[in-house]
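Here's a quick walk through a few spots worth finding in your viewer. Have the structure open and follow along.

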Amino acid sequence: MNIRALILSITLLYIPLLHAQTPVDGQPNVSKIIQEINHLNTLGSVMYFAAHPDDENQRVIGYFARAKGFETAYTALTRGDGGQNLIGKEIREELGILRSQELIEARKVDGGQQFFSRANDFGYSKNPEETLSVWDKDQVLADAVWNIRKFRPDIIITRFSPDRGGRTHGHHTTSAIIAVQAFSLAADPTAFPEQLEYVQVWQPKRIFWNTNSWFFRGKGESFDKEKYLGVDTGEYIPVLGQSVGEIAMEARSQHKCQGFGAALHRGENIEYFKLLDGEKADKDPMEGIDTSWGRVNDSKDLQKAIENLQQNFSPIQPSSAIPYLIKVKEELGKLDQSNHWVNVKTKKVEKLLLECAGIWLEALSPESIVAQGDSLTINVSSLVRTSSKVSIEKIKVGDLAEKTAVGTLAENKILKEEINVLIPEDFEVSQPYWLKEKPTKGMYVVNDQKMIGLPEKFAEIPVVIYLNIDGASVKKELNIWQKRVYPAKGERYIPLKIVPPVSLTLDQSVWIFGDNNSKEVTVSVLSNTDNFEGVLKLNTPKGWKIEPQQKTVSLSDKGQKEEVKFTITPPKKDSEGELQAVIEGNGKSYKQGLITIDYDHIYRQVYLKPSTAKIIKLNIDKGNAQKIAYLMGAGDAMPESLEAAGYEVDVLSHEQIKAATLKSYDALIIGIRAYNVLENMRYLQPEILKYAHEGGTVIAQYNTSFRLKVDQVGPYPLKLSRDRITVEESPVSFLNEKHKTLTSPNKITERDFDNWVQERGLYYPNEWGKEYKAVLKMQDPNQDPVDGSLLVADYGKGAFIYSGISWFRELPAGVSGAYRLFANLLDYKPANSKDIK
């Protein structure tokens with residue numbers, strides 16, 4: 001039966017794609033199998049280029065991958081480490097881990113593959129010159145060339161234009177500049193010749209900019225669609241029961257930490273493409289490219305075998321396709337095994353053999369965390385759900401164990417094998433591969449060429465199962481999982497991670513000493529193995545004192561935790577430095593903490609972070625402000641940072657935001673993006689303003705103008721803009737040196753703006769009522785100055801302060817000057833105000 005004739009008849013067989021917490025090794029639905037078989041005759045590839053997670057156009061990726069069957073990939077130059085987070089407190093490296101996983105989940109939906117470069121997202125950049133002053137251009141360009149040579153795209157598509165610097169994020173423009181240069185360099189054997197040990201040179205046919213009218217809005221330009229190649233990417237895919245728009249918006253909605261949930265789109269969607277280099281195309285981006293087996297020599301017999309497979313596939317009995325798939329595999333084996341497309345399609349056919357035979361494979365561990373030097377039990381389950389003759393010939397567990405002649409599978413009966421291995425004491429611990437070495441501001445350090453560009457390491461210990469399916473040899477590589485069952489969520493799979501025997505966590509990331517008094521520091525010691533004993537010490541800069549000098553810790557059970565307390569005394573003079581917790585045991589030193597990043601839409605991630613904190617002896621006066629209320633917005637670590645400076649901070653529920661309740665607090669801080677993400681902010685706002693009017697101090701942190709939940713932020717008119725100061729070293733001057741926020745209780749000087757991190761601030765207001773007083777002037781290099789970073793308005797007996805300064809970055813990073821200035825804001829009262837308590 002012809003496979004194309006089946007498409008409409010099986011639309012109702014569509015089952016949604018697997019969600020994040022189910023391994024990708026699960027059984028696919030028959031409609032997906034049909035599409036994969038149908039695409040065996042499609043030999044074409046597309047690579048999309050942009051700067052960050054969520055920059056990609058999922059409609060274009062889904063169109064080429066799902067609708068047209070081309071191998072499609074997205075190269076994001078960065079992992080989005082410098083962005084914001086709307087669902088949690090992860091920032092910087094931890095946010096990069098989260099956003100990388102969201103990209104992986106998006107590609108599962110739209111059918112693309114994911115690649116990266118080593119570029120570090122250092123935050124917003126106003127132009128490509130600024131971007132390339134931080135990134136190592138040669139390294140980023142090398143990574144782009146590497147991805148092209150490895151993936152071998154026929155065409156490249158950029159999300160942004162290489163010629164519109166200064167009109168968008170500098171990373172955006174730079175991503176297009178890099179893509180255009182890599183387009184030609186990938187074919188040059190003198191460019192990055194060290195790569196040619198692993199890949200061959202490659203020249204794509206053409207490179208486009210994927211443009212639309214949005215890029216011309218507000219620029220005084222018109223968008224003339226007749227100048228561009230237009231493609232309707234809204235195509236309906238009957239075999240999947242979805243249009244590309246539906247698939248694309250489901251993929252886009254995986255970018256949850258960026259608030260990119262989107263309504264599913266149906267119907268026509270025209271995407272426009274401008275040729276940047278290469279051969280011209282008039283009607284189709286893939287015009288003039290042979291996307292058939294005609295591009296592979298001696299493939300006529302293979303083409304006939306694929307045609308027989310398509311004609312004889314039965315959706316009711318997929319296993320009947322196995323003899324035809326085996327024939328296709330045999331014909332592929334007769335062709336040049338160094339040919340890129342032969343390798344790509346051989347992997348597809350082996351995957352189809354497993355799917356059509358109804359084979360289910362799983363490798364489980366009773367634990368998700370195993371320490372170096374411990375034993376690991378792996379339970380491998382194999383199942384065939386058809387009458388196909390299947391045997392397990394060998395199971396290989398990394399380089400640790402191997403079992404041969406495992407057995408023959410009986411229909412619908414699970415074959416279980418238990419394999420026990422010992423994890424060597426020097427086995428590499430689990431760590432995102434780009435974080436193994438200390439990064440620079442602009443680049444991550446990856447020394448293994450074969451790892452560069454990959455979204456992640458596939459498995460800490462890969463389990464490879466060698467099968468024989470009706471006489472054909474196939475192997476399948478599995479990750480090891482812990483499977484847990486939750487009453488409200490059902491099955492959840494957690495990937496295995498290898499960790500040190502012990503991990504250390506300091507109770508704060510920053511300690512601020514405003515006087516000579518000692519403070520108590522707590523170190524949580526977590527044993528990841530049984531029977532760990534070690535000596536715990538704290539290392540400090542010169543002049544700091546620790547009591548006691550060390551403590552012995554004995555933990556008998558895995559998972560046992562002990563909290564050890566030390567007293568730290570600062571020097572008399574101002575000092576900044578690093579506090580490091582170290583425990584020595586088993587002849588080794590351990591100085592890392594175990595960070596878990598866990599959300600329902602991604603697999604649980606583990607990050608080993610140095611067990612360090614910043615300690616600061618600082619001349620800081622908190623004035624009369626001691627008790628602080630905090631209304632959390634999108635999520636940040638501000639409350640903990642203020643507690644480190646000695647404030648008493650209460651994170652209040654929405655029900656507690658009442659003027660009568662707030663009256664007992666010296667100030668109320670409104671968390672980042674609260675006016676964007678809190679649906680009931682319009683009801684909280686009157687109570688907040690009443691508190692301010694009656695004598696309270698309100699400090700609102702940054703928001704964007706998009707999706708504001710109130711008509712007006714604050715008591716007086718204030719218009720948010722996209723003004724921001726991206727260079728953290730940019731000069732800051734005082735508009736009114738005598739303003740109370742600059743004089744009391746701490747005298748603020750230019751030195752207080754030294755050593756800031758990532759940026760000064762973002763989304764400053766550019767218009768405000770006369771009631772607001774602008775305090776600071778900031779100016780990025782070669783940019784106009786802006787005055788909206790800190791606005792203070794007296795309101796009744798109290799005050800409303802709006803500030804787009806990145807307090808949520810500066811305070812957790814221990815920037816002393818930021819603490820001093822923020823202390824002034826917390827203490828601020830109008831001159832005629834009386835304490836409301």
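## A seven-stranded sheet

Keep in mind that this is a predicted model. Start with the open sheet, where seven strands line up in the order 34-33-35-36-43-42-40 with mixed pairing. Strand 34 (648-651) and strand 40 (772-774) are the edges, each pairing on one side only. Ignoring direction, neighbouring strands in this sheet are turned by 20° against each other on average.

Now zoom in on strand 42 (residues 790-795) and strand 43 (residues 798-803): they run antiparallel, joined by six bridges. One residue to click on here is Leu791, whose bridge partner in strand 43 is Tyr802.

## Helices on the sheet

Which strands does helix 14 touch as it packs on the sheet? Helix 14 (residues 681-693) makes contact with strand 33 (627-631), strand 35 (667-670), strand 36 (697-700), strand 42 and strand 43. The direction of helix 14 makes about 150° with that of strand 35.

Helix 17 (residues 816-827) packs on the sheet too, touching strand 33, strand 35, strand 36, strand 42 and strand 43. For helix 17, the angle is given against strand 36, and comes to about 135°.

## Tyr763 and its surroundings

Next, look up Tyr763, which sits in strand 39 (residues 761-768). Is Tyr763 buried or exposed? Its relative accessible area is 11%, so Tyr763 is buried.

Beyond its neighbours within four places in sequence, Tyr763 is in contact with Tyr702, Asn703, Thr704, Leu720, Ser721, Arg722, Asp723, Arg724 and Tyr802. Tyr802 is the residue bridged to Leu791. As for Arg722, 41 residues away from Tyr763 along the chain, the two C-alpha atoms are separated by 4.6 Å.

## A buried lysine

Lys497 belongs to strand 20 (residues 497-499). Its relative accessibility is 13%, so Lys497 counts as buried. Leaving out residues up to four places away in sequence, Lys497 touches Ser368, Ile369, Val370, Ser430, Glu460, Arg604 and Val606.

## A helix pair

Finally, have a look at helix 9 (residues 322-333) and helix 10 (residues 340-356), whose axes are 10 Å apart and make an angle of about 160°. The two helices are therefore roughly antiparallel to each other, and helix 9 passes helix 10 in a left-handed crossing.

On the helix 9 side, the contact uses Ile322, Leu325, Ile326, Val328, Lys329 and Leu332. They meet Val342, Lys345, Thr346, Val349, Glu350, Leu352, Leu353 and Cys356 in helix 10. Sorted by type, the residues of this contact are ten nonpolar, one polar and three charged.

Notes. Residues are numbered from 1 along each chain as its sequence is written. This is a predicted model: local features need pLDDT of at least 70, side-chain atom pairs count only at pLDDT 80 or more; totals for chains, interfaces and linings use all residues. Side-chain values use heavy atoms; hydrogens and water are left out. Axes are lines fitted to C-alpha atoms, for helices over the stretch in contact, and angles run from 0 to 180 degrees between N-to-C directions. Helices (H or I, at least four residues) and strands (E, at least two) are DSSP runs, numbered from the N terminus. Angles under 35 degrees count as roughly parallel, over 145 as roughly antiparallel, 65 to 115 as roughly perpendicular and the rest as oblique. A crossing is left-handed if the near helix is turned anticlockwise from the far one by less than a right angle, and right-handed if clockwise. Contact means heavy atoms within 4.5 Å. Ala, Val, Leu, Ile, Met, Phe, Trp, Tyr, Cys and Pro count as nonpolar, Asp, Glu, Lys and Arg as charged, and the others, Gly among them, as polar. Buried means under 20% relative accessible area, exposed over 50%, partly exposed in between (1.4 Å probe, protein chains only). Two strands pair if DSSP finds at least two bridges between them.
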